[in-house]
Amino acid sequence: MRIDIRPAVLSDVEGMSLVLDRAWRENFKDIFSEEQITAYTGDYRRESFTRLINGGKDVFVLLCDGEVIAVCAAQTCEEKLFEGYAEIKLLYVLPEWQHKGVGKKLLSHTLRKMRGKGYKSAVLKTAEKNLPARRFYEKFGFTVRKTFVDRKSGDITMVIYTIDF
């Protein structure tokens, strides 16, 4: 079994979309409605990944024997409160690969790359009810900065986490 991490390329979009689709359907089935999940996955996600890669964002894939099993994307945070932070826009791992160190390996790689670009801190957000992800981020070293209700996501309470490098 060969594990590799590298920047995503356009030919990865289909595999990245599959990871996100399966992760959302498994991990968020009790948080978001089927309508919300469907709106965020499929063609919408393929187009979004294509824009991220074409836009020069930091998107990384973790592959096992050449197959995409995890994806992570980062960029400069656009929120004033976190000016100068790197923002982890997404981190998804195929459900059957979760709890095997894949997410930790990919997030560590992404944060090292962002530190190499001069960032000293990172921020991310996740649903308050997404307890497995919250435990993962807290174990990794992220701390809660604030919570807010996201009106665009159907009034889901979100938690913002930060970490200093």
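**Salt bridges in a predicted model**

Good morning. Glu79, with a relative accessible area of 31%, is partly exposed. I begin with this residue because its 31% lies between the limits of 20% for buried and 50% for exposed. Please bear in mind that the model before you is predicted.

What does Glu79 pair with? Its side chain meets that of Lys125 in a salt bridge, at 3.4 Å from N to O. This pair links distant parts of the chain: Glu79 belongs to the loop between strand E3 (67–76) and strand E4 (86–93), while Lys125 belongs to strand E5 (residues 121–127), 46 residues apart. Lys125 is likewise partly exposed, its relative accessible area being 36%.

As a general point, side chains of opposite charge can pair when their charged atoms come close. In this model, the count comes to 12 salt bridges.

Another of them joins the side chains of Glu26 and Lys29, with 3.3 Å from N to O. Glu26 has a relative accessibility of 40% and counts as partly exposed; Lys29, at 47%, counts as partly exposed too.

I turn now to helix H5. Arg134 forms a salt bridge with Glu138, and their closest N and O atoms are 3.9 Å apart. Both residues lie in helix H5 (residues 131–140), four residues apart, which is about one turn of the helix. Is Arg134 buried or exposed? Arg134 counts as buried, because its relative accessibility of 17% is under 20%. Its partner Glu138, at 40%, counts as partly exposed.

Finally, there is a network to note: Glu14, Asp43 and Arg46 are joined into one by salt bridges that share partners. Thank you for your attention.

Key
Residues are numbered from 1 along each chain as its sequence is written. This is a predicted model: local features need pLDDT of at least 70, side-chain atom pairs count only at pLDDT 80 or more; totals for chains, interfaces and linings use all residues. Side-chain values use heavy atoms; hydrogens and water are left out. A salt bridge is a side-chain nitrogen of Lys or Arg within 4 Å of a carboxyl oxygen of Asp or Glu. Buried means under 20% relative accessible area, exposed over 50%, partly exposed in between (1.4 Å probe, protein chains only). Helices (H or I, at least four residues) and strands (E, at least two) are DSSP runs, numbered from the N terminus.
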